[in-house]
Structures are given as C-alpha cells and as structure tokens.
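Here is a note for a colleague who is looking at this structure for the first time. Please read it with the model open beside the text.

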Amino acid sequence: MSKRYLSVAAVLGLTVAGLGATSVTASAAPVAPAGHSAAPSYDRYAGSAQEAKANKAFFEAVVKAVTEKRAANPGATSVTVVYDASRAPSFARQIASSTSIWNSSVSNVKLQQGSSGASFSYREGNDSRGSYASTDGHGRGYIFLDYAQNQQYNSTRVTAHETGHVLGLPDTYSGPCSQLMSGGGPGPSCTNARPDATERAKVERLWANGLAKALQKVR
C-alpha cells in the first residue's frame, strides 16, 4: 500500500464509524529499527494503471506457481499458497492475522507460512511509495510493508489489503471502509481488515476458474 495503500496502499473513502464495517482491534504497528529514517507521512492513496497491471501480474504469477502442485493432487479441495515471512519479522503479528482472516474468508485457496517452495514473501523497510505488492513475473514476488505507512494506517488492514492483491483483487480506492481493497481511501480512521462478501466471492471465483484454465494448459 504506498501511494498505493496510499497508492497500493492509498485509497479508502469513508470513515469506519459511518459505515459500521467489521474492524480488527488495532495493535501497535512496528516502528522503524534504529538506523532507519522514517519515510514521509502518507496523506492520500493515488493508485495508477501501472500498479493495477502489476497487481494482476502478481496474481497470475502465483497461480502459475501453484498449478503444478494442483496438477499433482487434482483431488485437493483447495490450493495452498506458501509464503515466507522471515524477512518481515517486525510484522509477524500482522501477517499472522492477515493469514487467519483470509483463510477463514475463502475456501478455494489457503495461505500457509513456510520457508521452502514459497510463492511470495513479505519484506519490511522504508519506501516513499508506502506498502505494495511486487512480482518477478516468474511465479514469485513479495509484499513490502512500509514502516511509516503502517504507523499511520491500521497495520493489519494494510497487510491484509496487500495480501488481497496476491489473491487476485484490484484496488477499489473510491470504495467504503467495508471494502478491504479500498485501501487508504477512507482514511487512517478505517480499521476494517476483512474482505466484504463481494471481495470474498471474487477470490473464490478467481481461484476456481483461474486454476481450471491453468490446469488445462499443463495436461
């Protein structure tokens, strides 16, 4: 989410109080370790066509990476996407919460932490763009969690939002706080870290249909 959450991070449009959206209790966000300068405060989420394209590519890369696993076990009721969180130790709590939220929200795909065979990883640090999802285009990528942005915005929401990109969801910055993918649009007061019914349904469709098409190509 950077300019993104404020940019991939950046577009959430109404206050949580006015919407009555489900929220997650805010926990203290990680602070930049000594020696790391704080990034500028983020006061908007901009988004861009380039970011939207990158997010779509990340999802497609992850689907490609897990296709062989699915082909080897066609009877599986869901696909497991492995992630490595070792490079974002300060965000261990937020990553675990995000994983729990997504795993309880959808059934066609499950997230699992592991150090071997990971399709994506989490990283932490300072970046003027804020937090964002990035892919190498070859079935792997990473979610970058920016210290300053996670101090200004609900950190679990930021993490779950970026993870939503890995699962195939685009930004909807003009949406209400009840939409996880509205990112920073509703402003820092929004603490909802759970996808709404429409977002959950889209992830279910993407992982059912996307994998079916990918499997047809490898058979």
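The numbered points below go from the overall layout to individual residues.

1. Overall layout. This is a predicted model, and its protein chain contains six helices and seven strands. Followed along the sequence, these elements come in the order β-β-α-α-β-α-β-β-β-β-α-α-α. Of the 219 residues in the protein chain, 51% are buried, and the accessible surface of the chain comes to about 9,700 Å², with 50% of that belonging to carbon and sulfur atoms. When contacts in the protein chain between residues at least 6 apart in sequence are considered, 74% of them join residues at least 24 apart.

2. The nonpolar core. Which residues touch the most other members of the largest nonpolar core? That core has 31 residues, and the ones in question are Ile95, Trp102, Phe120, Tyr122, Val203 and Trp207. Two or more core residues come from each of helix H2 (49-72), strand S3 (79-87), helix H3 (92-105), strand S4 (109-113), strand S5 (120-125), strand S7 (141-146), H5 and H6. Ile95 may serve as a starting point for inspection: leaving out residues up to four places away in sequence, Ile95 touches Tyr83, Ala85, Ala88, Tyr122, Leu145 and Thr159.

3. Val203 in helix H6. Another residue on that core list is Val203, which is found in helix H6 and counts as buried because its relative accessibility is 0%, where the limit is under 20%. Not counting residues up to four places away in sequence, Val203 touches Trp102, Val106, Val109, Leu167 and Leu169; Trp102 is also named among the core residues that touch the most other members. The C-alpha atoms of Val203 and Gly164 are separated by 8.5 Å, although the two residues are 39 residues apart along the chain.

4. Thr99 in helix H3. Is Thr99 buried or exposed? With a relative accessibility of 8%, Thr99 counts as buried, and this residue lies in helix H3. Apart from its neighbours within four places in sequence, Thr99 is in contact with Tyr83 and Leu111. The C-alpha atoms of Thr99 and Thr159 are 9.3 Å apart, while 60 residues separate the two along the chain.

5. Aromatic pairs. How many aromatic pairs does a search of the whole structure find? The search finds seven, and one of them joins Phe91 and Tyr147, whose ring centres are 6.2 Å apart and whose planes meet at 15°, so this pair is stacked. The pair links distant parts of the chain, since Phe91 is in the loop between S3 and H3 and Tyr147 is in helix H4 (residues 147-152), 56 residues apart. Both partners are buried, Phe91 with a relative accessible area of 0% and Tyr147 at 3% relative accessibility. Phe120 and Tyr122 form an aromatic pair that is edge-to-face, at 5.4 Å centre to centre and with 65° between the planes. Phe120 and Tyr122 are buried as well, and ring pairs link them with Tyr83 into a cluster.

6. Arginines over rings. Two places deserve a look for charge placed over an aromatic ring. The charged end of Arg123 sits over the ring of Tyr142, at 3.8 Å from its centre. Arg129 lies over the face of Tyr132, and here the distance from the ring centre is 4.3 Å.

7. The disulfide. A search of the whole structure finds one disulfide, formed by Cys177 and Cys190, with their sulfur atoms 2.0 Å apart. The link of Cys177 and Cys190 is right-handed, with 85° about the S-S bond. Both cysteines lie in the loop between helix H5 (155-166) and helix H6 (197-218), so the pair ties together parts that are 13 residues apart in sequence. Cys177 is buried at a relative accessible area of 0%, and Cys190 is buried at 1%.

8. Tyr173 in the loop between H5 and H6. This loop also holds Tyr173, which is buried, with a relative accessible area of 11%. The C-alpha atoms of Tyr173 and Gly184 are separated by 6.9 Å, and the two residues are 11 residues apart along the chain.

Methods
Residues are numbered from 1 along each chain as its sequence is written. This is a predicted model: local features need pLDDT of at least 70, side-chain atom pairs count only at pLDDT 80 or more; totals for chains, interfaces and linings use all residues. Side-chain values use heavy atoms; hydrogens and water are left out. A disulfide is a pair of cysteine sulfur atoms within 2.5 Å. Helices (H or I, at least four residues) and strands (E, at least two) are DSSP runs, numbered from the N terminus. Buried means under 20% relative accessible area, exposed over 50%, partly exposed in between (1.4 Å probe, protein chains only). A nonpolar core is a set of buried Ala, Val, Leu, Ile, Met, Phe, Trp, Tyr and Cys residues joined through side-chain atoms within 4.5 Å. Contact means heavy atoms within 4.5 Å. Rings of Phe, Tyr and Trp (its six-membered ring) pair if their centres lie within 6.5 Å; planes under 30 degrees apart count as stacked, over 60 as edge-to-face and the rest as tilted. A charge sits over a ring if NZ of Lys or CZ of Arg is within 6 Å of the ring centre and within 35 degrees of the ring normal. Accessible areas come from the Shrake-Rupley method with a 1.4 Å probe; for residues, only the protein chains shown count as cover.
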